[in-house]
Amino acid sequence: TQEARLYSDGRPHATRPITVVFQGSAGAFSHIAGRRFFEARPWPATYRGVTTFRGLLEEVRVGAADYAMLPIENTTSGSVHDAYDALSHTDLAIVGEEVLRIEMCLVGIADVPLESLRKVYSHPQALSQCTAFLASLPQCTVETFIDTAMSVERVKLENDPTHAAIASAEAAALHGLHLIRRDIANHRENYTRFLVIAREAEPFDP
């Protein structure tokens, strides 16, 4: 196939598992985008979360990871400025991209009525994409957190039915939590563009 020919150039990483890093924890949208991008490639991949954008790019720079998934812009909230800033301080190569539809979900430890909620956690980008829904919850305080999937971990740890997170359905499933409400973003056509970052330039399908 074209895909196989493209990646059969004898590079070392074509014959061993690759490591892909992303910002956040399992179930983060960057994790989902990475799995989608690499699932058709002819080598196995393992995925690892990193706390910051600069941290994940450093992993690639020093050879601790082969690729990084970097969210760069969203159709609703615009450019991811922290990602652009992190990328501007490196000489790493952009070798691909993945555009992912983002379905924001409200996640809690139980399927409770919306009026019972008192606190909602998520990444600032996710919160900015769900402002209309959040405005319908005047009884809730909103707190920013490191990552969408890590917000789910926090809700699970707190074990408080009045707390919820905005994250992916996959993050909810991974942690055994409930989807209180699906598709809560301001716009249903909500997409994020992710760049695939490597240490050196390599051939790719345009």
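## Exposure and the D183–R188 pair

A residue counts as exposed when its relative accessible area is over 50%, as buried when that value is under 20%, and as partly exposed in between. In this predicted model, R188 has a relative accessibility of 54% and therefore counts as exposed, whereas D183, at 29%, counts as partly exposed. The side chains of these residues, D183 and R188, form a salt bridge with an N to O distance of 3.4 Å.

## The D85–R54 pair

Across the whole structure, a search identifies 12 salt bridges. One of the pairs consists of D85 and R54, whose side chains meet in a salt bridge at 2.8 Å, N to O. Because D85 belongs to helix α4 (residues 81-88) and R54 to helix α3 (residues 53-61), this pair ties together parts that are 31 residues apart in sequence.

As for accessibility, D85 has a relative value of 36% and so counts as partly exposed, and R54, with 47%, counts as partly exposed too.

## The K119–E143 pair and its network

A salt bridge with an N to O distance of 3.3 Å brings together the side chains of K119 and E143. This pair links distant parts of the chain, since K119 lies in strand β7 (residues 119-122) and E143 in strand β8 (residues 141-144), 24 residues apart. With a relative accessibility of 27%, E143 counts as partly exposed.

K119 and E143 also belong to one network with R154 and E158, which is joined by salt bridges that share partners.

Methods: Residues numbered from 1 in each chain as written. Predicted model: local features only at pLDDT ≥ 70, side-chain atom pairs only at ≥ 80, totals over all residues. Heavy atoms only, no water. Salt bridge = Lys/Arg side-chain N within 4 Å of Asp/Glu carboxyl O. Helix = DSSP H or I, 4+ residues; strand = E, 2+ residues; numbered from the N terminus. Buried < 20%, exposed > 50% of the residue type's maximum accessible area, 1.4 Å probe, protein only.
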